[in-house]
Amino acid sequence: TIAMAQADVIKQRQENRKQTAAAMRAIKGIIDAKGDVKSAVPQAAKLKELEIAFVKMFPAGSDKGETKALPAIWTDMKGFEAASAASNAAYDKLAAAAGSGDLAALTAAFADTGKTCGACHDKFRAKAN
């Protein structure tokens, strides 16, 4: 039962990140198309919602199985939570930029958000093959 629960939380984490990537792609699409900047607001809100759930998906023992989560998540949970908080702050700025209707502001906030995501990946996620 414990192994099944661990596999379930790993699948939940993976699904969460797939949705996160989809929201980021949607915002990138708006930027690339020079579309309606304000239409990125719901995507930014979705990113924050996903992050709030994501950081809670790492119970003890869920480091085993098909996961790219590095041991640093469990050995440095405070650091992981700080990285998640930084992502949430970036998502807030992204939402504010989208709400402004200013494409340049959205583009800059999107770039900053990408850097925040990358910083977390560098420390807490194994590299893809």
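**Figure 1. Ser-87 in its helix.** In this predicted model, Ser-87 sits in helix H4. Is Ser-87 buried or exposed? Its relative accessibility is 4%, so Ser-87 counts as buried. Once the neighbours within four places in sequence are set aside, Ser-87 is in contact with Glu-51 and Thr-116. If you are looking at this view for the first time, start from the serine and then pick out Glu-51 and Thr-116, the two partners just named.

**Figure 2. An edge-to-face pair of phenylalanines.** Here we turn to the aromatic rings. A pair of aromatic rings is described by the distance of the centres and the angle of the planes. For Phe-58 and Phe-80, the centres are 4.9 Å apart and the planes make an angle of 70 degrees, which is an edge-to-face arrangement. Which parts of the chain does this pair bring together? Phe-58 belongs to the loop between helix H2 (41–54) and helix H3 (72–75), while Phe-80 belongs to helix H4 (residues 77–100), so the pair ties together parts that are 22 residues apart in sequence. Both Phe-58 and Phe-80 are buried.

**Figure 3. The aromatic cluster around that pair.** How many aromatic pairs does the whole structure hold? A search finds five. Ring pairs join Phe-54, Phe-58, Trp-74, Phe-80 and Phe-124 into a cluster, and the edge-to-face pair of Phe-58 and Phe-80 is a good place to begin tracing the rings.

**Figure 4. Ala-23 facing Leu-47.** Ala-23 is part of helix H1. With 2% relative accessibility, Ala-23 counts as buried. Which residues does Ala-23 touch, leaving aside its neighbours within four places in sequence? The answer is Gln-43 and Leu-47. Ala-23 and Leu-47 are 24 residues apart in sequence, and their C-alpha atoms are 6.7 Å apart in space.

**Figure 5. Glu-15, partly exposed on helix H1.** Glu-15 is found in helix H1, which covers residues 2–33. At 39% relative accessibility, Glu-15 counts as partly exposed. The view also takes in Ala-119, which lies 104 residues from Glu-15 along the chain. The C-alpha atoms of Glu-15 and Ala-119 are separated by 20 Å.

**Figure 6. Lys-34 and its positive phi.** Lys-34 lies in the loop between H1 and H2. Most residues other than glycine have a negative phi, and most peptide bonds are trans. In Lys-34, however, phi is near 50 degrees, a positive value in a residue other than glycine. Lys-34 counts as exposed, with a relative accessibility of 63%.

**Figure 7. Stepping back to the whole chain.** This last view places the close-ups in their setting. The chain has five helices and zero strands, giving the pattern α-α-α-α-α along the sequence. The radius of gyration is 16 Å, close to the 14 Å from the globule rule for 129 residues, so the chain is as compact as a globular protein of that length. Along the principal axes, the C-alpha atoms fill a box of roughly 50 × 25 × 25 Å. Of the 129 residues, 34% count as buried. Among contacts with a separation of 6 or more, 76% come from residues 24 or more positions apart. The accessible surface is about 7300 Å², and 60% of it belongs to carbon and sulfur atoms. The chain has 19 positive and 14 negative charges, and the mean positions of these two sets are 2 Å apart.

Conventions
Residues are numbered from 1 along each chain as its sequence is written. This is a predicted model: local features need pLDDT of at least 70, side-chain atom pairs count only at pLDDT 80 or more; totals for chains, interfaces and linings use all residues. Side-chain values use heavy atoms; hydrogens and water are left out. Helices (H or I, at least four residues) and strands (E, at least two) are DSSP runs, numbered from the N terminus. The radius of gyration is taken over C-alpha atoms; the globule rule is 2.2 Å times the number of residues to the power 0.38. Buried means under 20% relative accessible area, exposed over 50%, partly exposed in between (1.4 Å probe, protein chains only). Contact means heavy atoms within 4.5 Å. Accessible areas come from the Shrake-Rupley method with a 1.4 Å probe; for residues, only the protein chains shown count as cover. Lys and Arg count as positive and Asp and Glu as negative; His and the chain ends are not counted. The place of a charge is taken as NZ of Lys, CZ of Arg, CG of Asp or CD of Glu. Rings of Phe, Tyr and Trp (its six-membered ring) pair if their centres lie within 6.5 Å; planes under 30 degrees apart count as stacked, over 60 as edge-to-face and the rest as tilted.
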